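Q: Please choose one part of this model and look at it closely. I am in my first year, so I would like each term explained as it comes up, and then a connected account of what lies around that part.

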Amino acid sequence: MVVSMGRRRWPSPSGLGPGLLLLLALAVPAAHGAGAIASARPEATRAGHAILAAGGNAFDAAVAVAATLAVVEPFGSGLGGGGFFLLHRQQDGHQVMVDGRETAPAAAHPDLYVDADGEVVPGASVDGPLAAGIPGLPAALVHLSEGYGRLPLARVLEPAIQWAEEGFEVSAHYRAMATFRKDVLNDYAASAAIFLDAGEVPGEGALIRQPDLAATLRRLGAEGRGGFYDGEVAAALVDAVVDHGGIWSAADLAAYRVRERAPVVSRLGDIRVVSASPPSSGGVALATMVHMLEDLPLGDLSEADAVHYMVEAMRFAYRDRAVYLGDPDYTAVPVARLTSPAYAHRLVRQISPGQRAHIPTPDFPPQPAGTHTTHFSIMDDAGNRVAATLSINYPFGSGFVAAGTGVLLNDEMDDFVAKPGVPNVYGLVGGRANAVEPGKRPLSSMSPTFVEGPDRIGVLGTPGGSRIITMVLLGALDFARGNGPASWVARPRFHHQFLPDVVQFEPGAIAPDVQRELEARGHRLQALDSTYGNMQAVMRERRSGRFSAASDPRGEGLAEVR
Ligand code: DON
């Protein structure tokens, strides 16, 4: 099913048959090799459990899950993309975000996507290799394995290599995504040869085999980062990109490095919320919203009051996102100020109960939604945790596979601001803090998150572009209310991102009488005709060690406790 939302047509997963919707919420006490994994594909969840059973820890399992998703969910993430891994190492309490976000190539500049008249060139930052940043996922997998894992990288990559060699089955969701991106996939012979069948979207159950990707994964396992960023694979990537109008160089690949960054921590009453730091906007926006809401008795308010305050918090947080956030290596992001409770309390004083706050707002078209990009959550029996959100941005990224490598390149460059005030594919606007610059990481909304309460610990996250942060907020608030993963992933969602200036909500998320009350306070509402997000969550009770896990009923994922 394809729905039209704003300036792009966007596939919706809501047309999937109920038989394909997997939702599993189990509560099982821990045993050796035990753990909880929720991911967007059953093949990936099982690969992670196989690695735990083979003696790997949560970090090994994360590498296995990420690599398997790169193969079996090619429209969502992959070796040609990047993402953020939030880690908790139990033995010493070490918490860190491994930043494997793509970087702009050295030849990039702020006007890369505008023409001589200063107008944004349609599609330039979305389709084809000019839209691709230098991939970070391969380096992140090596970093995770070498720095935190127990098993050799080559062993951990085995399940992914097997899926690439033997093929995975096309699902309804694959078909929706490939239909959406069929034209751009057909623009590139190497892409069409892998993901289409004689130029058409393959039928459900057809096998997608990726022998070149299997070889690239093997090289990564055998040679580490050099197997991707130097040598034959790197040369093939650069040649293909340059031949098709891109601007990568061998030096760009050789220079790529992951960064370890301190997560952003905020407090929701007695709950510690640990989330992604810049170049993600997620943790900072989450901290602003959480701190704005923490003193409000949300549970005691009428539904209209509660939604009103949450929407107001969203508006202020996304206003700040547009103004202040970008790659911290390039722009001074006022993280301490934006995440301080004192700042949030000043914002709260601008909210009145009966009327929405006035924040001057130009109008932009509504943003598209989706369930590509990918998130998974893992906990092992030792207490190690991983929350990872990985992306190639748009469905099937840039649509461009570098011939001979099997690597489908991202179009994460669209997460930069092509021109101040001009919205990207998610309707997000921004300014100089997120302008294109050589070597810079585009601002992200991906928000892998831990919620740490006195009795329970949760791990959650989701794809969904600009809506990721508000989905994680609603999940964290649901955790605070005492609910478990099955509730966080399933609850109906609403969203405001400052611009466009509307409250967007899933079918059934806001009751008609509450809608009327919100409109009376000055809010503009937009009822979406489809659902959004694909949250994957796990939880552990501190005292009993019991795990539970759930996969969003909107997607095709699997949550499994073993
Ligand atoms: O990093 C970001 O914020 C985006 N590239 C994520 C894209 C995404 O979640 C698409 N999912 N629907």
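A: The answer starts with a sheet, goes on to its helices and to two residues in its strands, and then turns to the ligand and some other parts.

This is a predicted model, in which local features need pLDDT of at least 70, side-chain atom pairs count only at pLDDT 80 or more, and totals for chains, interfaces and linings use all residues. Residues are numbered from 1 along each chain as its sequence is written, and side-chain values use heavy atoms, with hydrogens and water left out.

The part to look at is an open sheet, in which seven strands follow one another in the order β8-β5-β4-β12-β11-β3-β22 with antiparallel pairing. Helices (H or I, at least four residues) and strands (E, at least two) are DSSP runs, numbered from the N terminus, and two strands are said to pair if DSSP finds at least two bridges between them. At the edges of the sheet are β8 (259-261) and β22 (558-561), each of which pairs on one side only. Neighbouring strands of the sheet are turned by 10° against each other on average, with direction ignored; for such angles, axes are lines fitted to C-alpha atoms, for helices over the stretch in contact, and the angle runs from 0 to 180 degrees between N-to-C directions. At the β22 edge, the pairing with β3 (residues 35-39) is antiparallel and has four bridges, and within it A38 has A559 of β22 as its bridge partner.

Two helices lie across strands of this sheet. Helix α2 (residues 58-72) lies across β3, β4 (82-89), β11 (374-380) and β12 (385-391), and it runs at about 155° to β11. Helix α3 (residues 137-148) lies across β4, β5 (94-100), β8 and β12, and its direction is at about 15° to β4.

Which residues does L390 touch, leaving out those up to four places away in sequence? L390 belongs to strand β12, and it counts as buried because its relative accessibility is 0%, where buried means under 20% relative accessible area, exposed over 50%, and partly exposed in between (1.4 Å probe, protein chains only). With contact taken as heavy atoms within 4.5 Å, the residues that L390 touches include A66, F84, F85, L137, F376 and M446. D327, by comparison, is 63 residues apart from L390 in sequence and 17 Å apart in space, C-alpha to C-alpha.

In the edge strand β8 we find R261, which is buried, with a relative accessible area of 11%. The side chains of R261 and D329 are joined by a polar contact of 3.1 Å. Such a contact is a pair of N or O atoms within 3.5 Å; within protein, one must be able to donate a hydrogen and the other to accept it, and residues adjacent in sequence count only if both atoms are side-chain atoms. Among the other residues that R261 touches are V96, M97, D99, P328 and R441, when those up to four places away in sequence are not counted.

The ligand comes next. It is surrounded by 17 residues, the closest being E412, D415, S444, S445 and G465, where a residue is near a molecule if one of its heavy atoms lies within 4 Å of it. An N or O atom in the side chain of E412 is 2.6 Å from a nitrogen atom of the ligand. On the backbone, a polar atom of G464 is 3.0 Å from a ligand oxygen atom, and an N or O atom of G465 lies 2.7 Å from an oxygen atom of the ligand. On its own the ligand has 350 Å² of accessible area, of which the protein covers 99%; these areas come from the Shrake-Rupley method with a 1.4 Å probe, and for residues only the protein chains shown count as cover.

Another pair of strands is β20 (residues 536-541) and β21 (residues 547-551), which pair in the antiparallel sense over five bridges, with S548 of β21 as the bridge partner of M539. In their hairpin, which has five residues between the strands, G545 takes a positive phi near 75°. In a regular strand the side chains alternate between the two faces of the sheet. In β21, F547, A549 and S551 point one way and S548 and A550 the other, and all are buried.

Finally, D478 lies in helix α17 (residues 468-480) and counts as buried at 3% relative accessibility. Its side chain makes a polar contact of 2.4 Å with the side chain of S487.
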